[in-house]
Amino acid sequence: MNWTVNTLAMHKIVIAGGTGFVGQYLSERFQTLGYQVIIIGRRPGNILWTDRSGISDALENAEMLINLAGKSVNCRYNEKNKAEIFSSRTKTTTILGELIAGCTNPPKLWLNSSTATIYRHAEDRPMTESSGEIGTGFSVDVAKLWEKTFFDFKLEKTRQVALRMAIVLGADGGVILPFKNLVRAGLGGIQGNGQQYFSWIHIEDLFQIILFLKDHGDMDGVVNCAAPHPIMNKTFMATFRQVMNRNIGLPSPKWLLEIGAALIGTETELLLKSRWVLPEKLENSGFTFRFPTISSALQDILQRG
């Protein structure tokens, strides 16, 4: 066992944009396995995006690169924010691709963030990698350009996978705290008509997917990172109330959400778009989810928080 840990300690993983909710979790989990984790970001102590030689040195001999960089979409879609959402994804992806191409021993695997929002609003059938239909609108345009920027790099020594992530649920960030506050205040009813699908993934399953992809060299291209049992908004909120032992949950009609979104500086799309996404590739390859149902996920997360 000690030999294994010592061997892993020589292995290096680079996480770009690794200071957010997901990046911090992945960094901590990899470090517990004995990996050396190097962060590229904008905070002191990280390798800065302007330090191309530093990034190049980090990528050299790395086992894996995970790129999570990108401005949060939890904002108003004005022209300034739209431009930053695009550029923060495409520019960082371009930097990484160019520097990997210049490495002597580049990372064996490059995982680049994408989003399950790339699929259309779906209330009629689920979207998979093989049969999903790409949607329209600003968020979809961002996802399409992000993936195109990524896959335009043809890297002989580096396997490339775009992670089409559903909404990530975890105890220390993301959407859980706002939902918890709503339920606690008695406002944890349906949003809109409650019929829109909610695709999600427990953050630990996301970490396990990354380990799985690392060990399955035949997997590349796009991979849906979503739990196998998406639910409607009404089921999500009912389960949330049940886990938190709250009987009352007043609904939030669309007009009220529009006002609330404007007040807190976000967009209603994050709540009202129907994301019905299934992890076809992962399940066909034998991946097993630790938290396949929303009930198991929320029970685990809320007891930690």
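This report describes the sheets, the helices packed on them, a pocket, a salt bridge and two backbone angles in a predicted model.

## The seven-stranded sheet

Seven strands make up an open sheet whose order is 3-2-1-4-5-6-11, and the pairing within this sheet is parallel. Strand 3 (47–48) and strand 11 (221–225) stand at the edges, and because each has a single partner strand, one side of each is left without a neighbour in the sheet.

Within this sheet, strand 1 (residues 12–16) runs parallel to strand 2 (residues 36–41), and five bridges join the two. One point of reference for this pairing is Val14, whose bridge partner in strand 2 is Ile38. Helix 7 packs on the sheet, where it touches strand 4 (64–67), strand 5 (109–115), strand 6 (159–165) and strand 11, and the direction of helix 7 makes about 160° with that of strand 6.

## The three-stranded sheet

A further open sheet is formed by three strands in the order 8-7-10, and here the pairing is mixed. Strand 8 (173–174) and strand 10 (200–202) stand at the edges of this sheet, each with a single partner strand, so one side of each is left without a neighbour in the sheet. Strand 7 (residues 167–170) pairs with strand 8 in the antiparallel sense over two bridges, and the bridge partner of Leu169 in strand 8 is Gly174.

Helix 7 packs on this sheet too, touching strand 7 and strand 10, and its direction makes about 80° with that of strand 10. Helix 12 lies across strand 7 and strand 10 as well, running at about 50° to strand 10.

## The second largest pocket

The second largest pocket holds about 240 Å³ of space. Its lining consists of 14 residues, and those that lie nearest the centre of the pocket are Tyr25, Gly170, Ala171, Asp172 and Ile203. Two or more residues of this lining are given by each of helix 2 (21–32), helix 7 (203–215) and helix 12 (294–304), and the largest share, four residues, comes from helix 2.

Sorted by class, the lining of the second largest pocket has six nonpolar, three polar and five charged residues. Helix 7 therefore appears in several parts of this description, as it contributes to the pocket lining, touches strands of the seven-stranded sheet and packs on the three-stranded sheet.

## A salt bridge between distant parts of the sequence

Side chains of opposite charge can pair when their charged atoms come close. The structure holds 14 salt bridges, and in one of them the side chains of Glu63 and Lys214 meet at 3.5 Å, N to O. Glu63 lies in the loop between helix 3 (52–59) and strand 4, whereas Lys214 lies in helix 7, so the pair ties together parts that are 151 residues apart in sequence.

## Two asparagines with positive phi

Most residues other than glycine have a negative phi. Asn61 is not a glycine, yet its phi is positive, at about 70°, and this residue lies in the loop between helix 3 and strand 4. Asn245, which is likewise not a glycine, has a positive phi of about 55°, and its place is in the loop between helix 8 (233–243) and helix 9 (254–264).

Technical notes:
Residues numbered from 1 in each chain as written. Heavy atoms only, no water. 1 Å grid on protein atoms, 1.4 Å probe; cavity = no way out; pocket = protein on both sides within 12 Å on 5 of 7 lines; lining within 4 Å. Points joined across faces, edges and corners; volume = space filled by probe spheres on them. Nonpolar A, V, L, I, M, F, W, Y, C, P; charged D, E, K, R; others polar. Pairing = 2+ DSSP bridges. Contact = heavy atoms within 4.5 Å. Axes fitted to C-alpha atoms, helices over the stretch in contact; angles between N-to-C directions. Salt bridge = Lys/Arg side-chain N within 4 Å of Asp/Glu carboxyl O.
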